[in-house]
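The following exercises concern covalent and charged side-chain links in a protein chain. Please examine the sequence and the structure before attempting each task.

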Amino acid sequence: MYGSCNGRSGMVRAGAVAAVGAVLLLAGCSSSSGSSGSSPGSGGAGKNAGAVGQRPGGSDPYWVNPDGNAARQVAAYTKDGDGENVGLIEKIARQPVGEWIGPDDPEAEAKGFTEAAEKAGREALLVLYNIPHRDCGQFSKGGAADGNAYRAWLEGVAKGIGDRRATVILEPDALLHMVDGCTPQEFHEERYDLLKGAVERLKQQPDTRVYMDAGNAGWRTPDVLFRPLWRAGIAAADGFAVNVSNFQTTAASTDFGKQLSAKIGDKPFVIDTSRNGNGPYSGGAPEENWCNPPGRALGETPTTDTGDELVDAYLWVKRPGESDGDCKGGPKAGDWWPEYALGLARATK
């Protein structure tokens with residue numbers, strides 16, 4: 001469908017070590033070390049620290065990673081004297097984006113991101129994408145080896161967050177791929193148990209909000225989703241997320257979210273607006289019109305001031321500029337693709 005980490009939405013593993021008074025190990029979200037996480041970002045204070053600052057607080061409480069892929073690209077264009085492209089990529093680099101936690105050292109990564117955010121007076125936005133049998137063998141295939149490995153990984157994430165502020169987007173695709181039959185039936189019972197357990201474990205942290213992925217407005221209807229969401233533990237979550245790594249408009253996503261919310265106890269939701277400025281792409285093969293579609297644009301910038309009491313925030317969960325996969329001339333999923341990033345920025349109104 002639309003994945004995130006090593007696949008359809010693209011995640012990149014970070015591998016940087018940064019020091020801000022203490023060592024911040026942020027090994028799960030930077031493009032420089034391969035593809036096993038999600039998007040840019042790695043250090044709390046790496047070599048590009050200071051090139052990109054934090055947004056004003058209040059309605060934009062999320063942490064901007066000063067060493068993300070977009071920030072590094074700004075630094076490269078600046079060094080080359082390419083002022084036009086600096087201005088374009090800054091549209092991405094200056095916004096908070098999701099930090100996708102990689103598989104290898106979740107405690108250190110979660111600690112690093114949340115400590116860096118806390119030091120900046122902001123909140124970390126984390127994405128967990130490591131469910132076993134992830135993406136049913138497609139672009140984002142991978143995930144934990146089994147249920148016990150996933151629980152151990154999740155425990156590391158929770159310990160890394162500690163008592164610091166964090167918003168967590170839980171397992172893009174995991175629920176949807178059970179509903180659409182992509183994930184074999186034999187794995188369903190365990191996956192429901194893992195998702196429910198993940199919500200319950202994360203909510204033990206005193207200042208962590210959890211939003212469970214719930215698809216997008218272009219995928220079926222809320223009628224087929226609300227029962228699986230109940231079974232997966234939505235009652236204990238703070239809400240759900242829509243349009244993760246997708247391109248549906250904010251208006252369509254809001255309508256979809258409200259229909260779904262009405263069926264699950266009026267739960268609030270967040271919308272991924274990272275690349276929905278021009279809506280979905282209708283050209284090409286329908287099964288791949290989500291993959292690096294041309295002519296797309298950045299959407300509303302992240303904010304908690306949405307003007308709608310059911311919409312908790314507009315977020316950039318997918319990191320703009322990372323490839324969805326090796327389609328339409330793109331690099332492998334999760335790799336930083338500056339040409340695509342420039343296209344998104346140029347098309348933004």
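The exercises below treat disulfides and then salt bridges in this predicted model.

**Exercise 1. Determine how many disulfides the structure holds and state the pattern in which their cysteines pair.**

Step 1. A disulfide is a covalent bond between the sulfur atoms of two cysteines. The cut-off applied here is a sulfur-sulfur distance within 2.5 Å.

Step 2. The sulfur atoms of cysteine 136 and cysteine 182 lie 1.8 Å apart, and this pair forms a disulfide.

Step 3. Cysteine 291 is joined to cysteine 327 with an S to S distance of 1.9 Å.

Step 4. The structure therefore holds two disulfides. With bonded cysteines counted along the chain, the pattern reads 1-2, 3-4.

**Exercise 2. Describe the handedness, location and exposure of the link between cysteine 136 and cysteine 182.**

Step 1. The angle about the S-S bond is 90 degrees, and the link of cysteine 136 and cysteine 182 is right-handed.

Step 2. This pair connects distant parts of the chain, 46 residues apart. Cysteine 136 belongs to the loop between strand S4 (124-128) and helix H4 (147-161), while cysteine 182 belongs to the loop between helix H5 (176-179) and helix H6 (188-202).

Step 3. A residue is buried under 20% relative accessible area and exposed over 50%, with partly exposed in between. Cysteine 136 has a value of 22%, so this residue is partly exposed. Cysteine 182 has a value of 28% and is therefore also partly exposed.

**Exercise 3. Carry out the corresponding analysis for cysteine 291 and cysteine 327.**

Step 1. The torsion about the S-S bond of cysteine 291 and cysteine 327 is about -100 degrees, so this disulfide is left-handed.

Step 2. Here too the pair links distant parts of the chain, 36 residues apart. Cysteine 291 is found in the loop between strand S8 (269-272) and strand S9 (311-315), and cysteine 327 in the loop between S9 and helix H9 (338-347).

Step 3. Cysteine 291, at 0% relative accessibility, is buried. Cysteine 327, at 6%, is likewise buried.

**Exercise 4. Where in the chain do arginine 319 and glutamate 99 lie, and are they buried or exposed?**

Step 1. Side chains of opposite charge can pair when their charged atoms come close. Arginine 319 and glutamate 99 form a salt bridge with an N to O distance of 2.9 Å.

Step 2. Arginine 319 lies in the loop between S9 and H9, and glutamate 99 lies in strand S3 (residues 99-101), so the salt bridge ties together parts 220 residues apart in sequence.

Step 3. Both arginine 319 and glutamate 99 are buried.

**Exercise 5. Examine the salt bridges of arginine 209 and of lysine 318, and identify the residues joined into one network.**

Step 1. Arginine 209 meets glutamate 123 at 2.8 Å, N to O. The pair spans 86 residues: arginine 209 is in strand S6 (residues 208-213), and glutamate 123 is in the loop between helix H3 (106-119) and S4.

Step 2. Arginine 209 is partly exposed, with a relative accessible area of 27%, whereas glutamate 123 is buried at 6%.

Step 3. Lysine 318 forms a salt bridge with aspartate 324, the closest N and O atoms being 3.6 Å apart. Lysine 318 is buried at 0% relative accessible area, and aspartate 324 is buried at 0% as well.

Step 4. Salt bridges with shared partners join Glu99, Arg319 and Glu322 into one network. The count for the structure comes to 14 salt bridges.

Definitions and conventions. Residues are numbered from 1 along each chain as its sequence is written. This is a predicted model: local features need pLDDT of at least 70, side-chain atom pairs count only at pLDDT 80 or more; totals for chains, interfaces and linings use all residues. Side-chain values use heavy atoms; hydrogens and water are left out. Helices (H or I, at least four residues) and strands (E, at least two) are DSSP runs, numbered from the N terminus. Buried means under 20% relative accessible area, exposed over 50%, partly exposed in between (1.4 Å probe, protein chains only). A salt bridge is a side-chain nitrogen of Lys or Arg within 4 Å of a carboxyl oxygen of Asp or Glu.
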